[in-house]
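Notebook open, model loaded. I want to go through some helix packing, the chain contact and a few backbone oddities, and jot things down as I go.

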Amino acid sequence: MSQRKITADRAGGLLGIILGIAALIEAVRLYPYRSSPMVGDHTMPALLGVILVVLGALLLFTKRNGPEDVPFPAKPRLSVILGSIALMFAYRYLIPLLGYALSTLLVSFGLFKQIGPYRWHVSLVFAIVLTASIYLIFAVWLKIPFPVGLFKL
Amino acid sequence: METFELLLSGFMQAMTPQNLLMAGIGALVGTFVGVLPGLGPTSAIAILLPLTTVLEPTQAIIMMAGIYYGAMYGGSTTAILLNIPGEVSSVPTCLDGYPLAKKGRGGPALGVAAIASFAAGTLGVIGLVFFAPFLADQALKFGPPEYFALMLLALTVMINLAGNSIVKALIMGVFGYLLSMVGIGPSSGMPRFAYGSNDFTGGFEMISIIIGLFAVTEVLKGIEEKRTAVSFGNIGSIYPSMADLRKSVKPMFQGGLVGFLLGLLPGCSAAVSTFLAYDLQKKTSKHPDQFGKGAMEGVAAPEAANNATSSAGFIPLFALGIPASPPLAVLLAGLMIYGLAPGPVLFEQNPKFVWTVIASMFIGNLMLLVLNLPLVGIWARLTRVPYGILAPVILMLSTIGAYTVRNSLFDVSVALVFGVLGYLLHKYRWPVAPLILCFILGPMLEQSFIQSMAMSAGNPLIFFKRPLSLSIIVLSVALLFLSLNLMRRTKQRVRQETGQQAEIA
């Protein structure tokens, strides 16, 4: 079990090194646009790139004591979490397609049904109230322009 | 003398009906979200930040400061009634607050907590009136090297937000700096870390990242824990007896003083001051054996310390531009959205704004007391709202909140990606607070560093040659050791009390 945690930390260290190298590459790309060797948009990426590589290496190669298990929830809970994440990402792509009203109603209904979990008609009532409330606050009061989508809703 | 004139004019401004309304709404909304499971002060301010864009900067900041105070107080309600400390800083309040609630004296405990918060918050604001202009006066002598040294001082904050590993905290901090650099380079005007994407060229919006890492992540954690509504017994009268108040006077002032002095140190977490205040109170008490069994002093001291630290945190924030905690970092982000640069020049350039906000803090503290005491019963009932309703509401508000800042769907994607990332980081115990802090301070750090290099023809010794910048660097190192020491002690205490390893942030 503890092996998993060590691996996770080491993976983090490796990711740090990769990010550090990406920063160094960007610094090299920006170097020709400098004002002087130490003044330009390359300076901080270079400095931070080096620091990130060093810190990543420290995490990757240092022996760590007493790691703890990283428990993930059991399958039913995990599927609620993953389902909610999927719904939220779907929402981001549904808004421009279906418009604010319809997409918010659909996704909030799905969330109440899934997380609640409430019966479908209860979820529908909650979803209608939530959609209307958010619309009143953001669209009517704050005058935020929301996408109207294909159905002009 | 000038300070008092400015404060007086601040009061005149703060007492306008609209500003009073904002302070009141802020205190109420803050307490509301503080009581609800699933939204802490940081995510509450982040989600509500877009809502405040219709307000003037002063009103918006007054409201957000109210939310901050209110949320801190809301956390005490759940600590006392349900033994659920929303933040590590509320753990000491649980120790005596919950036993009191079990004896049917939850009401007086909440009352004492409210009065202690008010007394200490006011003490903190009085300190702010005296200390902040002094710091700001000194800071007028600042040039780019001093500003850079100041940013280094802010980095000591990261040690306090480090969680269980300093290396991980530093990696997260550097990652935050890198994220802040995505967009157009300030010197050359060339896209940086954009990789040909128009969205990346526009840079990341800090509110989206904050909403993702705090609000969305918190909901995912809540779903995992399958949070449920909790009920509790009778809380009794909310007004403490004279005996309760007499017992609480000394702890309030002692705790308030400890909290205020520690809150002055940039980056001192409220958890450090609440534990210190509780321990100090226990040591100096005539009845130390009563502590942990329902001593009113055990509620008053940490609550006073908590609120005093929160108020004192505004001093390094306003005077130096250094946020001491994640909620203050979001407030800093809010100030920046309104084009206000916190730091030494804020007092010079926008005295009206600063003094109105300071004056409104006095009023906000009074409102918290006036509103919270009679409303304690309602707040307590709010803890019964089912998580199945709260979670979808928070998720939808977070998404819309992220969208409204720039009317951008890219920002929604960023909030969701960082929400998932935040959940994984939480699972693998990578602290997110350093990422946010460094993301916010990143542009200032880069600007001051590049200007210093330009001034010195690329010689980094410039930071050590100027007395003021050298002094700040020395202070940073001293604070670093002090922070490490205090954090080690606090973690030991949290482990003693809760049996768990603490992630103090």
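Which residues of α3(B) meet which residues of α4(B)? I looked this up before anything else, keeping in mind that the model is predicted. From α3(B) I get B:Pro41, B:Ala44, B:Ile45 and B:Leu48. Across from them, α4(B) puts in B:Met64, B:Ile67, B:Tyr68, B:Ala71 and B:Met72. Sorted by class, that contact comes out as 9 nonpolar residues, with no polar and no charged ones.

Next, the geometry of that pair. Helix α3 of chain B covers residues 41–48, and its axis comes within 9 Å of that of α4(B), crossing at roughly 155°. Anything over 145 degrees counts as roughly antiparallel, so α3(B) and α4(B) get that label. I noted the crossing as right-handed.

Then the other partner of α4(B). Helix α4 of chain B spans residues 57–82 and packs on helix α13 of chain B, residues 297–312, at an angle of about 160°. Their axes are 10 Å apart. By the angle, α4(B) and α13(B) are therefore roughly antiparallel too, and their crossing is right-handed.

Who touches whom here? On the α4(B) side I wrote down B:Tyr68, B:Tyr69, B:Met72, B:Ser76 and B:Ile80. On the α13(B) side the list is B:Val299, B:Glu303, B:Asn306, B:Asn307 and B:Ser310. The class count for this contact is 5 nonpolar, 4 polar and 1 charged. Cross-check with my earlier list: B:Tyr68 and B:Met72 also appear in the contact with α3(B).

Now the contact between chains. I count 54 residues from chain A and 47 from chain B. Which elements of chain B give two or more residues to it? They are α8 (166–180), α10 (206–225), α18 (387–406), α19 (409–427) and α20 (433–455). The largest share of the chain B side, 10 residues, is from α18(B). By class, the chain B side has 32 nonpolar, 9 polar and 6 charged residues.

While around α18, I checked the loop between α18 and α19 of chain B, where B:Asn407 sits. B:Asn407 has a positive phi of about 50°, though it is not a glycine. Worth a flag, because most residues other than glycine have a negative phi.

Over to chain A. I find 5 helices and 0 strands, so the entry for its pattern is short: α-α-α-α-α.

How extended is chain A? Its radius of gyration is 24 Å, whereas a compact globule of 153 residues would be near 15 Å. The C-alpha trace spans about 60 × 50 × 25 Å along the principal axes.

I also pulled the UniProt record, an unreviewed entry. It lists residues 12–31, 43–62, 74–91 and 124–144 of chain A under "transmembrane region". I looked at two of these spans in the model. Residues 43–62 of chain A are 95% helix and 0% strand, with end C-alpha atoms 29 Å apart. Residues 124–144 of chain A are 86% helix and 0% strand, and there the end C-alpha atoms are 25 Å apart.

Last item: where is the cis peptide bond in chain A? It runs from A:Gly116 to A:Pro117, with omega near -20°. A:Pro117 lies in the loop between α4 (100–115) and α5 (120–141) of chain A.

Technical notes: Residues are numbered from 1 along each chain as its sequence is written. Chains are lettered from A and ligands numbered from 1 in the order in which they are written. This is a predicted model: local features need pLDDT of at least 70, side-chain atom pairs count only at pLDDT 80 or more; totals for chains, interfaces and linings use all residues. Two residues are in contact if their C-beta atoms, placed from the backbone, lie within 7 Å. Helices (H or I, at least four residues) and strands (E, at least two) are DSSP runs, numbered from the N terminus. Ala, Val, Leu, Ile, Met, Phe, Trp, Tyr, Cys and Pro count as nonpolar, Asp, Glu, Lys and Arg as charged, and the others, Gly among them, as polar. UniProt positions are given in the numbering used here, feature names are shortened, and annotations may be inferred rather than shown by experiment. Axes are lines fitted to C-alpha atoms, for helices over the stretch in contact, and angles run from 0 to 180 degrees between N-to-C directions. Angles under 35 degrees count as roughly parallel, over 145 as roughly antiparallel, 65 to 115 as roughly perpendicular and the rest as oblique. A crossing is left-handed if the near helix is turned anticlockwise from the far one by less than a right angle, and right-handed if clockwise. The radius of gyration is taken over C-alpha atoms; the globule rule is 2.2 Å times the number of residues to the power 0.38.
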